[in-house]
Amino acid sequence: MENDSLLDEFNVKNSQTDVQEKWIMEDLTFVLFGATGDLAKRKLFPALYNLFLEGKIPAAFSVIGLGRREWSNEFFQSKVEESLRAYSRRDVQPAGLKEFLAHFQFCAFDATDKNSYRLLHELIENRETELGIPGNRLFYLSVAPQLVEVITSNLNKNGINRTKGWRRLVVEKPFGSDLKSAQQLNKKLSEAFNEVEIYRIDHYLGKPMVQNLESLVYANPALGSLLDLKQIANVQITASETVGVETRAAYYDQAGAIRDMVQNHLLQLVMMTALHLPEKITAREVGLKKIEVIESLRPISKEDAYRDVVRGQYESGVVLNTRVDGYQEEPGVEAGSNIDTYFAARLYIDNPLWSGIPFYIRTGKRLNKKSTRIVIEFKNKKTEIDVLPDEGTIPNLLILNINPNEGISLRLNIKDPSSNRFEPACINFTTDSDDQSEAYELLLFDAMLGNATFFAHWEEVELSWKWIQPLLEAFEADMLPLHPYTAGSTGPEAADQLLQSDQFNWW
């Protein structure tokens, strides 16, 4: 595939952001659609507050929260303060709190009402005049998927996105529900914003360990020597959850694990893991490298999906010492639903670097523990060394822990003097999670700067959907069994057999 058009887009972007990569923050208006929602309360307001404490928001900074409720500015600010006290990773500081809350104003808003856009436009311009903001506008859509097109179209019709400063649109997932709907959504967004102005946010790309992946080898030459691809046996990427569908049944019973986790989060982790960059490169080059990876992902046809893909659904069981219902019994789940709550697959990246090295990915709800991590298993040389009985030589592992705790572990074989046998031992390097910036802090900061390195470009999204589409068709045609698994387990046995067929096992 030719990347010329993408290169041109990135060159345009670079002309706008190369200076900003020196971390020059410009005054701006932050327009938050969905300001009364759960994401704003749990993540966005605390993220903005922590950026404020670190001096990472501009002096002239206007936040306009939009929602259907009739809230006064004072009441809105009180709700923001409540969210900080409940969810901020730092304690709320009396000094500066009033100054921070003064940035926030509320506007009652109906996305389908033309008058709402007129009032919004007036409020934005009045605040820009009052605070001396030069027309820089960041629009953040934390709304139901069906409202994304409606809002962006009306921003364009009412001239709100036409400004003397820069403009950016941050869009939360899901970005479509299949290839066709994603292409249709992107077409609509492109009528109001240029590609370089659209920031498709994936909070997995905001996790510090994931952001470190692209520079891990560059910053650590010792790891560069260790990560000799000729010595890698396989790569495993796991994103397991202990929670069930909770209050999201209306969405999840249409999406399933494949749409909720695989098309976006897991495939982004595949791209970031496979970058394997020997030197530090620019945001433009990171984007191109990611596209090269997803473009090289070997397709899985609808007819052959059963060989490489496992899907499952949890039944009742015990999770963290608590009895839980099965998916079919969850409130809001359609009777007889065949939606997948577990997904595992074997992937191959057909490029010279990764040729022949399998990637295994898995994700599921109601599993035995919450964990997101990347495990690189090294090839095991045959040896005459006495090892543990019935286990054979134990492979070395490099483990990159992403969530809930971040760190790196290296598993080695150490001789036990008492038995003269080699046993596995881990060398662990962890970070202080209390001091670590959260994903939304890093991503909001980048969006305000115009740094698109850790946001998904349209070609990444489209190529991901193209890879997923045959699997969706196989699911719909009932060509893949839906394996039951007990809540609190590690998933269906079929997922273990997927690796055992290659003489591997999940770590």
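Accessible areas come from the Shrake-Rupley method with a 1.4 Å probe. On that basis the accessible surface of the protein comes to about 22800 Å², and carbon and sulfur atoms supply 48% of this area. The structure is a predicted model, and what follows moves from its overall form to individual strands, loops and residues.

The protein contains 16 helices and 17 strands. Along the principal axes, its C-alpha atoms fill a box of roughly 75 × 55 × 50 Å. The radius of gyration is 24 Å, which agrees with the value near 23 Å that a compact globule of 507 residues would have. Of the 507 residues, 55% count as buried. Among contacts with a separation of 6 or more, 78% are between residues 24 or more positions apart. As to charge, there are 54 positive and 72 negative charges, and the mean positions of the two sets are 2 Å apart.

A useful place to enter the fold is strand β13, residues 371-378. Eight of its eight residues are buried, so β13 is largely enclosed by the rest of the structure. The term has a definite meaning here, since buried denotes a relative accessible area under 20%. Burial extends to both faces of the strand. Ser371, Arg373, Val375 and Glu377 lie on one side, while Thr372, Ile374, Ile376 and Phe378 lie on the other.

The pairing of β13 can be followed through two partners. Strand β7, residues 232-240, is joined to β13 by eight bridges, and the two run antiparallel. Strand β14, residues 397-403, is joined to β13 by six bridges, again in an antiparallel arrangement. Arg373 offers a convenient point of reference for both pairings. This residue of β13 is the bridge partner of Thr238, and its bridge partner in β14 is Asn401. Arg373 also belongs to the buried residues of β13 named above.

Beyond β14, the chain enters the loop between β14 and β15 (407-416), where Pro404 is placed. The peptide bond between Asn403 and Pro404 is cis, with omega about 5°. Another cis peptide bond joins Lys173 and Pro174, also with omega about 5°. Pro174 is located in the loop between β5 (167-171) and α7 (179-192).

The loop between β7 and α11 can be examined through two residues, Val243 and Glu246. Val243 is found in this loop and is partly exposed, its relative accessible area being 29%. Leaving out residues up to four places away in sequence, Val243 touches Lys365 and Arg366. Val243 and Tyr440 are 197 residues apart in sequence, and their C-alpha atoms are 21 Å apart in space. Glu246 is found in the loop between β7 and α11 (249-275). Its phi is near 55°, a positive value in a residue other than glycine. Glu246 has 52% relative accessibility and therefore counts as exposed, the threshold for that class being over 50%.

Asn321 also has a positive phi without being glycine, the angle being near 65°. Its place is in the loop between β9 (317-319) and β10 (322-324). At 80% relative accessibility, Asn321 counts as exposed.

Strand β3 gives a further view of how the chain is packed. Four of the five residues of β3 are buried, and the strand is thus mostly covered. Strand β2, residues 61-67, pairs with β3 in the parallel sense over five bridges. Within this pairing, Gly67 stands opposite Ala108 in β3.

His103 is placed in the loop between α4 (97-101) and β3 (104-108). This residue is buried, with a relative accessible area of 10%. When neighbours within four places in sequence are set aside, His103 is in contact with Ile57, Ala59, Phe61, Ser62, Val63 and Arg127. Of these, Phe61, Ser62 and Val63 fall within the residue range of β2, the strand that pairs with β3.

Notes: Residues numbered from 1 in each chain as written. Predicted model: local features only at pLDDT ≥ 70, side-chain atom pairs only at ≥ 80, totals over all residues. Heavy atoms only, no water. Rg over C-alpha atoms; globule rule 2.2 N^0.38 Å. Buried < 20%, exposed > 50% of the residue type's maximum accessible area, 1.4 Å probe, protein only. Contact = heavy atoms within 4.5 Å. Lys, Arg positive; Asp, Glu negative; His and termini not counted. Charge placed at Lys NZ, Arg CZ, Asp CG, Glu CD. Pairing = 2+ DSSP bridges.
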